[in-house]
Amino acid sequence: LSALNVFFSLPDIDPDVGHSTELAFTVEPSDEIVVPEQSVVLGCRAEGTPPVRVTWRKNGAELPESTHALVLGNGSLLLPNFRPDGGTGPSDEGDYDCVAQNRFGLVVSRKARIQAATMSDFHVHPQATVGEEGGVARFQCQIHGLPKPLILWEKNHIPIDTRNDRYTLLPKGVLQITGLRAEDSGIFHCVASNIASVRVSQGASLTVSGSGSSAYKEPTILVGPENLTLTVHQTAVLECVATGNPRPIVSWSRLDGRPIGVEGIQVLGTGNLIISDVTVQHSGVYVCAANRPGTRVRRTAQGQLVVQAPAEFIQHPQSISRPAGTTAMFTCQAQGEPPPHVTWLKNGQVLGPGGHVRLRNNNSTLTISGIGPEDEAIYQCVAENSAGSSQASARLTVLWAEGLPGPPRDVRAVSVSATSVCVSWSEPLLNTKEIIGYVLHIRKAADPPELEYQEAVSKSTFQQLVSDLEPSTSYSFYIKAYTPRGASLASVPTLASTLGEVPAPPPLSIRVLSSNSVQLLWELPTKLTQRDGGFKVFYRPASQALFTGPIVLPGTLTAYNITQLDPTEVYEVKLLAYNQHGDGNATVRFVSLRGASERTAPGPPCDCRKDETSNKTSATGIIIGIHIGVTCIIFCVLFLMFGYRGRLLQCKDMEDQLSPPQGPRSLALNGMGQGDRGQLTGDEKRLDLNELEQLFPLSLGSGQQGSRLMVSQQGNCASLKPQPLPSGFSLARVPSRH
């Protein structure tokens, strides 16, 4: 929407959207349990812009009016003669909701479950019991009914006096008698009643024997707490009956260590825990402990309490107004235990994702993109769980102005590179004078519409270069034209895929292995798949024009050796990565093997370490080794000094030989006679060193290892011996005179 604000501001809320135009319920039906053949009224009242029409549905289907179902003037439903399941005719039991409708849309109320009141027979009758004086007796009966039956007890057909502290009646149909006495003996009956019926159980006798033994008895829990599932605001009864001698002390705790609290908590009888008006926070595992007084001897039993809460809203959807072609969004958030499931309705019909409708955040957000007149409706958020349901509604108003331009035409998208696409279009056919700009909508084809983004374009521009895209990815594009009064309909979407991206140049390093081999080392670049890509190697002497290669390598390699190289050459090496989209740029390196060839040449005149490898632990050997080492070093220094001076003299002799003749003279290379050598005298003219350099120019990076001419001293210059130059240099040879 920020792109749209470049041209005009959008209204947020329609000023006409209020209580006068919204359609909402002020009364909704509630669950009911009805006595067969009696009447029941299901309440429903809706407010909104008149006329408001109210109808009813049963189990999702429209309920026609008849003598068995009458819609009252206020919208409520009357069932005058409720018919239960199992009868000879149709049943009135089921889920009911009311539907209210006006010119703005339709809303549906919460569902109300209508059931017939029933009472079954007892499936657990009280059993005869024998107890000792001072002991404990317990009776129990169980029966099902709707609504839940109220259970009372009779002794010898006389209601039990609940004011007697020794008699404890629990709502689940349990009678506890503590501190038994002889007069407690008798016949006990269970009496269950609700609006449907009254039932009396079979009788059970209680016999109280003489005084109990005073012998010690370990604490024992006769009955521990049961697992319970309740709804908020109900009452939880956790039973715990313990015996022992001496009489044990009953205490309660939570397994998670949290305090039970005091509000709404009471202990009934000798150890039953009662929690009134339960909340979700009361959920947990409760532990009943029977302790022998004055000791650490204890017995425990535990039961889990689960408290459910019906769904309720913490954020209601809000009615909104949006121009045609834009995006509308509704949000509703509900809470409950268990977490409620959220569904959306459009005018009473379930709305699922698809097309331009998207649901996200566990259905709490409804997004409708590219809205049109057909999207104008009342939308409802329905939250439901096992404890109940709730609904909230909001209206979408689509603003549509007359004279809006038509959709842009001839939308095309052409890939330019791996990260850019050029989108072009033509002007709409209708109402183009008021156009103030275009908005290009962009998203990945695989993404939902809410992830799209927009780029604003001036009204005189009919193409846009979209950059910063991802390579080898399909994108969807469509255009809208905007005027001060609103947007046009969207153009027909078009798809385009960006070009594939070739791999980046791989980082390359070269290691010299020997005088004729090197090793290439590199890292795997991005955009290279082992299945569709690999590497190519090229190399050549720097002095030559043609490369050797390509040497194609798989994409799993990160090293390669090049062998059989000329040790006198400088080599240029290129490495590139390729994939299904083509070759990437190459990484270029130069490597010289001359240094390696010198390292592999014959050893120096002396081996300074030759005699240092023995007698290392002897003091005498160490001293002798030091003397030998120093002697060798001095010898090497003198050799280099005199050798350099000798070479200089020899070179100067060569200057004399190659200088213009000052009289009858000859110079023979490669095999001079003894008589010829005698013709050279010490007072002959010598050439300057600069002239010598002109005759023997240095060749840098020539691609060939040069040699320097050495004239051996045997009286006069007798022969020329080639000696290796330092790595990286070469000296041109003088052509032979032969």
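**Exercise 1.** Determine how many bridges join β37 to strand β38, and place the two strands in their sheet.

Solution. Four bridges join β37 to β38 (residues 365-368), and the two run antiparallel. Strands here are DSSP runs of E with at least two residues, numbered from the N terminus, and two strands pair if DSSP finds at least two bridges between them. One facing pair is valine 357 and isoleucine 368 in β38. The sheet is open, has three strands in the order β33-β38-β37, and its pairing is antiparallel. Its edge strands, β33 (328-331) and β37 (357-360), each pair on one side only.

The model is predicted: local features need pLDDT of at least 70, side-chain atom pairs count only at pLDDT 80 or more, and totals for chains, interfaces and linings use all residues. Residues are numbered from 1 along each chain as its sequence is written, and side-chain values use heavy atoms, with hydrogens and water left out.

**Exercise 2.** Find which side chains of strand β48 are buried, and identify the bridge partner of phenylalanine 477.

Solution. In a regular strand the side chains alternate between the two faces of the sheet. Along β48 (residues 494-497), Thr494 and Ala496 point to one face and are buried; buried means under 20% relative accessible area, exposed over 50%, and partly exposed in between (1.4 Å probe, protein chains only). Leu495 and Ser497 point to the other face and are not buried. Strand β46 (residues 474-483) pairs with β48 in the antiparallel sense over four bridges. The partner of phenylalanine 477 is threonine 494 in β48.

**Exercise 3.** Classify isoleucine 634 as buried, partly exposed or exposed.

Solution. Isoleucine 634 counts as partly exposed because its relative accessibility is 47%.
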